[in-house]
Amino acid sequence: MLRIVVAVFMSCISAAYALGIDVTVNGVKLELNADGTAKVIPYTNSLNRESYYAKEDIVIPDRFTSGGQEYTVVRIGARAFDGVPLKSIRLPETIKYIDESAFSRCDVANGPLILPTSVETIGESAFSSCKASIPAKVSLPYVKTIGKWAFDDSEFIDELELGAEYSSDNPAVSFRRSKNIKYISVDPENPNFASCDGIMYDKELTKLIKYPGVYSDPELVIPGSVKSIGEYSFSGSNITKVTLPEHLRAIYQYAFRDCENLSAITFGSSLASIGQYAFSHCAALEEVKLPDSLERMDKNAFADCGSLRSVKIGNSLTSISVNCFRRCGLEEISIPENIRVIGDFAFGSCPLKNVILGSSVTNLGIGIFDQCAVIQSITSLASIPPIVKDQKIFNDDAIYGQCLLYCPKGSYDAYKSTDPWSRFAVEEIDNTSVLDVTPDPLDGSEDTIYNLDGTPEHTPRIGRIYIINGTKRVFNINHI
C-alpha cells in the first residue's frame, strides 16, 4: 500500500512540473514547466530545423512570456541541436543545465560557440564532435559535473577554465580528443584538481590528468612528483616527444592513444604497469625501450603503431598481452628469457622476417604471427615445444612452408612430433652460447659475422643466429 501511495505522489509531482506545452520563440522550440522554467527541445515535425538553423542567427531567449506567465530558460534539452548545422548561436546566462548530446555533431559556421558561465551540469556527449569556425575560451566557474565524452573530439574550445566546485572521477574522459584546447586552468580553491603551466593534475600533483590537445610545448618533461599518467590524459594530443619521471609507476589505459605525432618516449626506471591501448595508434612512434622495472603490460598496449620498428623488452615482464604489438612495423623481434606467455595475435600483421623465442616461453596464444606474410624464420630456444592455443601460429597454412623453424640441439624429435611445430621444416642449432658469448671487437672488422662460439662465419645462412656487430641476431637478407 505504501508503495502505491509513493508512486501516486511522484506522479503528481511530475504532472505538476511538466505542463506538456511547447512554444516557439526566436525560431527555437521550448518546453514549458509549471515552476516557470523552460528548456530547449528538438524539433520533431513541421520545421526543417537543419535548413532553418543553417540560415538564421539563433538567439535563445533568457526569459519570455507565454499565456500571461513569464518563463526563464534554464536548460538545453537532450539532442536539442544534435547533428544540425548552425549559422551562429547565442546562449543566455540563465542556462544551468545542458543535457546529453545537446550539441553533439554540431558545426557552427560563423563565429564561436560560447558557453554561459552560469552552467552547473553538462550531460554525457553534450558537445561530442562539435565544431566552431572560431575556437573560444570556455569558462565554467560554477560547473559541478561534466558527463562522459561531453567534449570528446570537439573543436570549439581554445582555453578551458574550471571552478572550485568541479568534481569528477576522471575529467580526461569528458575532454577526450578535445583538439583545440591550448591551456587548462583550475580554481585554486578546488579541493580535487590543480593546474600547472596549463596542464591538469590532481591536487597533490602526483597524477597527470589532462594534457591540452595543442599545448604550446609539444616536447614535454613531466614533473618529478608525478607517479601516474591518467587514462585518456594525452589521447589525441599533438605531443611529439615525452620524458617520463624516474619515479613514475603507472600509465593508465588509453593514456597516449591516437597521439599521431608522438615519435619518441623515454620511460623512467620505476615504471611497473602500462594499461590497455595506452600507446595504440601512435603512428609516428619508431622505437620503444621498456624498462626492466615493467611488470605488467595490458592488451593492445602498442597496437597499430605502424612506424614502430624496434622494441626492447625489459627483464621483469613475464607475459606479452593479447594484440600487444599487432599491426606494428616490426621486422625482427627477440623475446627475452623472462617471457613465459605470449597472448593471442600479439605480433599479428607485422612485417616480421625473423623471430627469436626465449627458452622460458611455455605458452603461445592463437595466431601470434597471424598475417605475417614475409616471415622467414622462427628460432625457439625452449627445449620443450611451447604449447600453442588452438594449434595455430599462422591462420594461413601456406606460411608454414616458407618459414624455417630452428630448435635447440636434441629437440628435433620433440618439435616434429608436436603440433603445430611439426608443420615447419625444422633444423637444430646449438644455442648454448646465445646469451653469454660476445666476440672480441678487435678480432676483425665491424662487418665480421661470428658464430655463437666466437669464431668468424664466412658463409652465414639466413635464419640462423649469429653475432653481428657485437649483437646476437638472426641472419637475414639485410645482412648480405
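Biologist: How do you know that strand E10 (residues 107–108) and strand E12 (residues 131–140) belong together?
Modeller: This is a predicted model, and in it 2 bridges join E10 to E12. Pairing takes at least two bridges, so these strands count as a pair. The two run parallel.

Biologist: Which residue in E12 is the bridge partner of Val-108?
Modeller: That's Ala-132.

Biologist: And what order do the strands take in that open sheet?
Modeller: There are 5 strands, in the order E7-E10-E12-E14-E15, with parallel pairing.

Biologist: What makes E7 and E15 edge strands?
Modeller: Strand E7 (85–86) and strand E15 (183–186) each pair on one side only.

Biologist: Let's turn to the cysteines. Why is there no bond between the sulfur of Cys-130 and the closest cysteine sulfur?
Modeller: The closest one belongs to Cys-106, and it sits 5.2 Å away. A disulfide needs the sulfur atoms within 2.5 Å, so this pair doesn't make the cut. By that rule the count comes to 0 disulfides.

Biologist: Is Cys-130 called buried or exposed?
Modeller: Buried. Its relative accessible area is 0%, and buried means under 20%.

Biologist: Why is Cys-196 called partly exposed, then?
Modeller: Its value is 27%. Buried stops under 20% and exposed starts over 50%, so Cys-196 falls in between.

Biologist: What about Ser-237: where is it, to begin with?
Modeller: Ser-237 is in the loop between strand E20 (228–229) and strand E21 (241–243).

Biologist: And why is Ser-237 called buried?
Modeller: Its relative accessible area is 4%. The cut-off is under 20%, so Ser-237 qualifies. Leaving aside neighbours within four places in sequence, Ser-237 is in contact with Tyr-211, Pro-212, Gly-213 and Cys-259.

Biologist: What makes strand E35 (residues 404–408) mostly covered?
Modeller: Of its 5 residues, 4 are buried.

Biologist: How do you know that E35 pairs with strand E33 (residues 377–380)?
Modeller: There are 3 bridges between them, and a pair needs at least two. Ile-378 stands opposite Leu-405 in E35. E35 is also joined to strand E36 (residues 425–429), by 5 bridges, with Pro-408 opposite Ile-429. Both of these partners run parallel to E35.

Biologist: Last one: why is Asp-413 called exposed?
Modeller: Asp-413 has a relative accessible area of 60%. Exposed means over 50%, so the label fits. Asp-413 is in helix H5 (residues 412–416), and its C-alpha atom is separated by 9.4 Å from that of Val-426, 13 residues apart along the chain.

Technical notes
Residues numbered from 1 in each chain as written. Predicted model: local features only at pLDDT ≥ 70, side-chain atom pairs only at ≥ 80, totals over all residues. Heavy atoms only, no water. Buried < 20%, exposed > 50% of the residue type's maximum accessible area, 1.4 Å probe, protein only. Contact = heavy atoms within 4.5 Å.
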